[in-house]
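Please look through the sequence and the model before reading on. The text after them goes from the whole chain to single residues.

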Amino acid sequence: MGQPESRDYRAPEESELPPGQRLQRGWPVTHYGPVPKFKPDRWEFRVFGATADGDKRCWNHEEFSALPFSTVVADLHCVTKFSMLGAEWGGVPARTILELAPPAAEVTHVMVWAEYGFSANLRITDFIAERTIFATHKDGELLTAEHGFPLRLVVPHLYAWKGPKWVRGVEYMTADRRGFWEERGYHNLGDPWREQRYSYQEEPGDGPEL
């Protein structure tokens with residue numbers, strides 16, 4: 001990848017914890033199911049669904065690794081109530097993917113797909129946020145397999161389940177559809193500052209009916 005893009009973000013000491021969260025030293029491993037085995041010759045990142053031209057776009061691992069590299073400093077808030085502050089994430093901004101594979105004008109949401117059919121839905125406004133990034137590195141080091149290598153999505157302003165590990169693609173959608181955890185009782189939006197943890201907290205308009 002190319003050289004990291006220079007960005008001016010708040011220092012970790014200026015971070016605040018969302019309600020109900022506790023500061024975590026270190027990075028616990030949390031995920032559902034086994035850790036997939038990375039096979040670079042079979043790995044592919046796809047963008048499909050309601051694309052502007054109706055076609056899907058694919059990158060193999062070598063091609064994806066050659067995309068412009070950027071870094072962001074951002075917190076990670078897990079719905080299990082721990083927060084990790086001030087991490088540096090390196091990878092490909094989600095905005096870059098939208099520029100390379102534009103969505104149709106009527107797209108309102110995306111579904112981020114990962115290994116084993118795992119998925120997380122996002123509003124397009126969350127996906128194109130400045131610090132949403134497909135991360136390959138944390139604090140200058142490659143992610144470990146347990147933490148999502150070769151690729152995980154980081155959406156700093158939402159709970160961490162909205163950023164799946166082991167990402168394999170993005171589906172553009174013209175209507176909202178719940179992802180894996182959202183179908184199993186987690187809040188459809190997942191804003192930690194509003195403690196949107198569970199679906200029973202949802203208000204009208206927050207998401208599709210369960």
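What follows describes a predicted model, beginning with the overall fold and ending with individual backbone features.

The protein contains 3 helices and 11 strands. Read from the N terminus, the order of these elements is β-β-β-α-β-β-α-β-β-α-β-β-β-β. A compact globule of 210 residues would have a radius of gyration near 17 Å, and the 16 Å found for the protein agrees with that. Along the principal axes, the C-alpha atoms occupy a box of roughly 40 × 40 × 35 Å.

Contacts and surface can be taken next. Among contacts with a sequence separation of 6 or more, 68% join residues that are 24 or more positions apart. Of the 210 residues, 48% count as buried. The protein exposes about 10400 Å², and carbon and sulfur atoms supply 49% of that area. There are 24 positive and 31 negative charges, and the mean positions of these two sets lie 6 Å apart.

Two hairpins can now be followed through the strands. In strand β4, residues 70-77, 7 of the 8 residues are buried, so the strand is largely enclosed by the rest of the structure. Its partner is strand β5, residues 82-93, and the two pair in the antiparallel sense over 7 bridges. Within this pairing, Thr71 stands opposite Gly90 in β5. The hairpin formed by β4 and β5 has 4 residues between the strands, and Lys81 in the turn has a positive phi of about 90°.

Strand β6, residues 109-114, is mostly covered as well, with 5 of its 6 residues buried. An antiparallel pairing over 5 bridges links β6 to strand β7, residues 119-123, and Trp113 stands opposite Ser119 in β7. These strands also form a hairpin with 4 residues between them; here Tyr116 in the turn has a positive phi of about 65°. Strand β6 has a further antiparallel partner in β11, to which 6 bridges join it. In that pairing Val112 stands opposite Val170 in β11.

The loops hold several backbone features worth checking. Most residues other than glycine have a negative phi, and most peptide bonds are trans. Asp139, in the loop between β8 (133-138) and β9, has a positive phi of about 50° although it is not a glycine. Asp139 counts as partly exposed because its relative accessibility is 42%. Further along, the peptide bond from Phe149 to Pro150 is cis, with omega near 10°. Pro150 lies in the loop between β9 (141-142) and β10 (152-154).

Trp166 also has a positive phi, near 55°, and is found in the loop between β10 and β11. Is Trp166 buried or exposed? Its relative accessible area is 7%, so Trp166 is buried.

The last residue to consider is Glu195, in the segment after β11 (167-173). With 29% relative accessibility, Glu195 counts as partly exposed. Which residues does Glu195 contact, leaving aside its neighbours within four places in sequence? They are Pro19, Gly20, Tyr159 and Gln201. Glu195 and Tyr159 are 36 residues apart in sequence, and their C-alpha atoms are 9.1 Å apart in space.

Notes
Residues numbered from 1 in each chain as written. Predicted model: local features only at pLDDT ≥ 70, side-chain atom pairs only at ≥ 80, totals over all residues. Heavy atoms only, no water. Rg over C-alpha atoms; globule rule 2.2 N^0.38 Å. Buried < 20%, exposed > 50% of the residue type's maximum accessible area, 1.4 Å probe, protein only. Contact = heavy atoms within 4.5 Å. Areas by Shrake-Rupley, 256 points an atom, 1.4 Å probe, with all protein chains shown as cover. Lys, Arg positive; Asp, Glu negative; His and termini not counted. Charge placed at Lys NZ, Arg CZ, Asp CG, Glu CD. Pairing = 2+ DSSP bridges.
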